Amino acid sequence: MNHDERDNLWELLGRARPAEVSPFFSRNVLRAIREAQPASSRVVTWLMRRWPLVAAAACALVFAGIALMPQPEPVDSVDVLAEYVSASPDYAVIGNLDELLATEQSSVWLNHSVD
């Protein structure tokens, strides 16, 4: 900065009147902030003042939602198992399993007695 400009600047600043702050400055600032709050924060403030009512309404909504939730029909596990087994590619082997076990139980080779 040029030395001459600095002198002019200080001279100009010396002629300016000092700023005076009102004794109610902070009160006025806070009032302006409250007035500038959006409407949604007013709703939140209203709800926060009535929190027992809001909590009861929320609980009622949760219980109503649970009560009105569709309940699944009970499924018979035997039907599900039969459907799964019949869809299996090994169903033909499983169908003959009883005969295979019966054949092995009556097998001559299982007799341990030697005549």
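Let me start with one residue, V21, which is exposed, its relative accessible area being 63%. V21 sits in the loop that lies between α1 (3-15) and α2 (25-35). Please keep in mind, as we go on, that this is a predicted model.

V21 does not stand alone, for together with F25, V29, L30 and I33 it forms a nonpolar patch on the surface, and the accessible area of these residues together is about 480 Å².

Turning now to the chain as a whole, you will find seven helices and zero strands in the protein chain, so that, since helices are written as α, the pattern read along the sequence is α-α-α-α-α-α-α. How much of the protein chain counts as buried? Of its 115 residues, 0% do. The accessible surface of the protein chain comes to about 11400 Å², and carbon and sulfur atoms account for 64% of that surface.

Finally, a word on confidence: the protein chain has a mean pLDDT of 78, with 81% of its residues reaching 70 or more. Confidence is highest in helix α4 (residues 51-68), at a mean of 92, whereas it is lowest in helix α6 (residues 91-95), at 70.

How values were computed:
Residues are numbered from 1 along each chain as its sequence is written. This is a predicted model: local features need pLDDT of at least 70, side-chain atom pairs count only at pLDDT 80 or more; totals for chains, interfaces and linings use all residues. Side-chain values use heavy atoms; hydrogens and water are left out. Helices (H or I, at least four residues) and strands (E, at least two) are DSSP runs, numbered from the N terminus. Buried means under 20% relative accessible area, exposed over 50%, partly exposed in between (1.4 Å probe, protein chains only). Accessible areas come from the Shrake-Rupley method with a 1.4 Å probe; for residues, only the protein chains shown count as cover. pLDDT is the predictor's confidence in each residue, from 0 to 100. Patches are made of residues with over 30% relative accessible area and no salt bridge: like charges are joined within 9 Å, nonpolar side chains (Val, Leu, Ile, Met, Phe, Trp, Tyr) within 5 Å. A salt bridge is a side-chain nitrogen of Lys or Arg within 4 Å of a carboxyl oxygen of Asp or Glu.
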